[in-house]
Amino acid sequence: MEKLLSALNWIERQTHTRTNHAQMLVGKEEGLYLRDFVCRTSSLRVLEIGTFTGYSLACLADGVRSAAGTVKRSNGVYADAIEINRELDYIIEEGLQRAGVSELVKVFFGDAVDILSQKKAGADNGIAEEYDLVFIDADKRQYPQYYELTLPLVKPGGYILADNVSWYGRTEDHSDPKSAGISSFKSIVESDSRVESHLVDIRDGLLIIRCK
Ligand SMILES: C[S@@+](CC[C@H](N)C(=O)[O-])C[C@H]1O[C@@H](n2cnc3c(N)ncnc32)[C@H](O)[C@@H]1O
């Protein structure tokens, strides 16, 4: 855990120094919650959508490391991530190395909707056939698409966790496309009999969706 905490501090400092968007990080409380959730649910195959500088990815991958008892990626143990912007890949790479989890992780650079749609169409593009847990934290306007595209990849009894579902109290503002995206996503999940869900009041709201 010390290694992870020290890596998280490093990632946070780098994010502040090299970007103007450090507020996008999940932060320590939610990051450690995610790590703990991965451990508690013995999720060994994890996918993140929206990685930025790798803070939450380090937490998820450390949860996989702890649950699997290995730092090596294999057929049954992996932490994948999709990020559209590759300009900050050097921070992701060094942060994961500092956390001691880089050998568990593969980051796919590109648009998550494109990559997941290719997978759905049958392409062998490196995205796995099945995940135990998916963490959604990319473009809020696209949450409904990420949900529909990842649900078939999650094993029965697995989880989709979606960040920022409270959207700072602005989900009713339908003139804002991000608010509208989150609001539509929540309605889709609520009426979807394939899943059950509950909201965890942490940071900006984390929706825990359990796939039946
Ligand atoms: C809120 S940040 C992620 C923060 C990260 N999960 C953390 O807490 O460390 C959202 C990220 O999603 C990425 N993103 C936005 N649209 C995307 C898309 N269509 N496909 C993949 N990544 C996308 C952005 O480039 C940004 O880095």
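**Exercise 1. Around the ligand**

Work out which helices and strands each supply at least two residues of the shell around the ligand, and which residues come nearest.

*Solution.* Start with the elements in this predicted model: H3, strand E2 (78-83) and helix H5 (112-120) each give at least two residues to the shell. Next, zoom in on individual residues: the shell has 19 of them, and Gly50, Phe52, Tyr55, Ala112 and Asp139 come nearest to the ligand. Finally, sort the shell by class, and you get 10 nonpolar, five polar and four charged residues.

**Exercise 2. Two helices side by side**

Decide how H2 and H3 are arranged: roughly parallel or roughly antiparallel?

*Solution.* Take the axes of H2 (residues 27-40) and H3 (residues 55-68): they come within 8 Å and cross at roughly 30°. Angles under 35 degrees count as roughly parallel, so that is the label for H2 and H3. The crossing itself is right-handed. Now look at who meets whom: H2 brings residues including Leu34, Arg35 and Val38, while H3 brings, among them, Tyr55, Leu60 and Asp62. By class, this contact holds nine nonpolar, four polar and two charged residues.

**Exercise 3. The sheet**

Find which strands stand at the edges of the open sheet.

*Solution.* Write down the order of the seven strands, E3-E2-E1-E4-E5-E7-E6, with mixed pairing. E3 (105-109) and E6 (195-200) each have a single partner strand, so one side of each lacks a neighbour in the sheet. Neighbouring strands are turned by 15° against each other on average, ignoring direction. For a sample pair, try E1 (residues 45-49) and E2: they run parallel, joined by five bridges, and Glu48 sits opposite Ala81 in E2.

How values were computed: Residues numbered from 1 in each chain as written. Predicted model: local features only at pLDDT ≥ 70, side-chain atom pairs only at ≥ 80, totals over all residues. Axes fitted to C-alpha atoms, helices over the stretch in contact; angles between N-to-C directions. Helix = DSSP H or I, 4+ residues; strand = E, 2+ residues; numbered from the N terminus. Parallel < 35°, antiparallel > 145°, perpendicular 65-115°, else oblique. Left-handed = near helix turned anticlockwise from the far one by under 90°. Contact = placed C-beta atoms within 7 Å. Nonpolar A, V, L, I, M, F, W, Y, C, P; charged D, E, K, R; others polar. Near = placed C-beta within 6 Å. Pairing = 2+ DSSP bridges.
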